[in-house]
Amino acid sequence: MKKNWQAVLMIIALNIVFGGMSGALAQQVPIAGGYAETSRTDPEVVSAARFAVRAAGRKAGARVTLLSIEHSEVQVVAGLNYMLRLKVKVNGQSQDVTAVVYRNLKDKYSLSSWEAAGNHAGSSGSASSSSTIEQLAQALADAFTAKSLGRLDAERPYFGRVKIIIEHSLAEDTAKDRFEVRQVRTLEQGERWLTSRERADSPARNSGSLQRCRKGVCTYEQVGMLHNNLYLQKVTYGYRNRRPYIKTIYLIDGD
């Protein structure tokens, strides 16, 4: 009888341990798609914030110190994007900044954007007439994943029509439906077209990390491809009056 009770108690204990573990894991695994709020004290968030501070300091040639993490969000892409609101000290002066850090599937970090409060010229969420092509490409990526391309129309980062091309990755090379092409006069029109293709808020949108802009093409790093996801692959651009503008947006569908 004693052995039977010991066995019962052992089963109950195991259920509690593994049940707690599965619940914790369910809370820690984010869902693919848009940004979702996450704990500011999560070790991965803290690591991303520390990396952002070091990378920003190296880039600016300044002494940057992390004071606190005010807010944090995470987005599942081919890897993870961390959007962080930080309080930092730059050469002894306190600043509030918003940073976006990308962590790829090999756990390597890269700083996608670093914006001081009130400094909209370098914002990753908007484009302006003084934007560089890298800033414009990042603003486009952020608006694409947030499903708000129309917000860029105020600055008209295009000349004439913008072409949007969607490639279906599973289609045969010679298939007639391998590519979908749409010419739009505004990015809001493009956003409405992309939204009209969705069913139950899918496919999810991912932009990856901006890799480089060179010779009229900006590319985004994509590591792997998930079912029911739409990826921003590249954009082509030109210049008019020394101002960059978007010509074509290339997307690839995981289906």
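This section describes the fold of a predicted model, from its overall make-up to its sheets, helices and disulfide.

It helps to begin with the whole chain. The secondary structure of the protein amounts to four helices and twelve strands. Of the 255 residues in the protein, 40% are buried. The exposed area of the protein is about 14,700 Å², with 52% of it supplied by carbon and sulfur atoms. Contacts that reach along the sequence are well represented: taking those between residues at least 6 apart in sequence, 51% join residues at least 24 apart.

We can turn next to the open sheet. Five strands build it, in the order β1-β2-β3-β4-β5, with antiparallel pairing. Strands β1 (36–37) and β5 (109–116) each have a single partner strand and stand at the edges, so one side of each is left without a neighbour in the sheet. The pairing of β4 (residues 93–103) with β5 is antiparallel and runs over seven bridges. One residue pair gives a handle on the register here: V97 has A116 in β5 as its bridge partner.

Helix α2 (residues 43–60) belongs with this sheet. The helix lies across β2 (64–77), β3 (79–90), β4 and β5, and runs at about 70° to β5. A simple check on the geometry of α2 works out nicely: at 1.5 Å a residue, its 18 residues should span 26 Å, and the end C-alpha atoms are 26 Å apart, which agrees. The buried residues of α2 are V45, V46, A48, A49, F51, A52, V53, A55, A56 and G57. Strands β2, β3, β4 and β5 are included in what covers these buried residues, and they are also the strands that α2 lies across.

Helix α3 (residues 133–145) can be put to the span check as well. With 13 residues at 1.5 Å each, α3 should span 18 Å, and its end C-alpha atoms are 18 Å apart, which agrees. The helix is mostly covered, as eleven of its 13 residues are buried. Among them are the hydrophobic-looking entries one might scan for on screen, I133, L136 and F144, along with Q138, D142 and T145. The alanines A137, A139, A141 and A143 are on the buried list too, as is L140. After α3 comes K147, which has a positive phi, near 60°.

Further along the chain, strands β8 to β12 bring a series of pairings. Strands β9 (residues 209–214) and β10 pair in the antiparallel sense over five bridges, and S209 has E221 in β10 as its bridge partner. These two strands make a hairpin with two residues between them, and in the turn K215 has a positive phi of about 55°. Strand β10 (residues 217–221) is in turn joined to β11 by three bridges, again antiparallel; within this pairing, C218 stands opposite V235 in β11.

Strand β11 (residues 229–240) also pairs with β8 (residues 204–206), through three bridges, and these two strands run parallel. In that pairing A204 stands opposite N229. With β12 (residues 243–253), β11 shares ten bridges in the antiparallel sense; T236 has T248 in β12 as its bridge partner. Strands β11 and β12 form a hairpin with two residues between the strands, where N241 takes a positive phi near 55°.

The side chains of β10 deserve a closer look. In a regular strand, side chains alternate between the two faces of the sheet. Strand β10 shows such alternation: C218 and Y220 point to one face and are buried, whereas V217, T219 and E221 point to the other and are not.

The buried face of β10 leads on to the disulfide. A disulfide is a covalent bond between the sulfur atoms of two cysteines. The count for this model is one disulfide. C213 and C218 form it, with their sulfur atoms 2.0 Å apart. The torsion about the S-S bond of C213 and C218 is about 110°, so the disulfide is right-handed. Both cysteines fall under the 20% cut-off for burial: C213 counts as buried because its relative accessibility is 14%, and C218 is buried with a relative accessible area of 0%.

Key:
Residues are numbered from 1 along each chain as its sequence is written. This is a predicted model: local features need pLDDT of at least 70, side-chain atom pairs count only at pLDDT 80 or more; totals for chains, interfaces and linings use all residues. Side-chain values use heavy atoms; hydrogens and water are left out. A disulfide is a pair of cysteine sulfur atoms within 2.5 Å. Buried means under 20% relative accessible area, exposed over 50%, partly exposed in between (1.4 Å probe, protein chains only). Two strands pair if DSSP finds at least two bridges between them. Contact means heavy atoms within 4.5 Å. Axes are lines fitted to C-alpha atoms, for helices over the stretch in contact, and angles run from 0 to 180 degrees between N-to-C directions. The expected span of a helix is 1.5 Å times one less than its number of residues. Accessible areas come from the Shrake-Rupley method with a 1.4 Å probe; for residues, only the protein chains shown count as cover.
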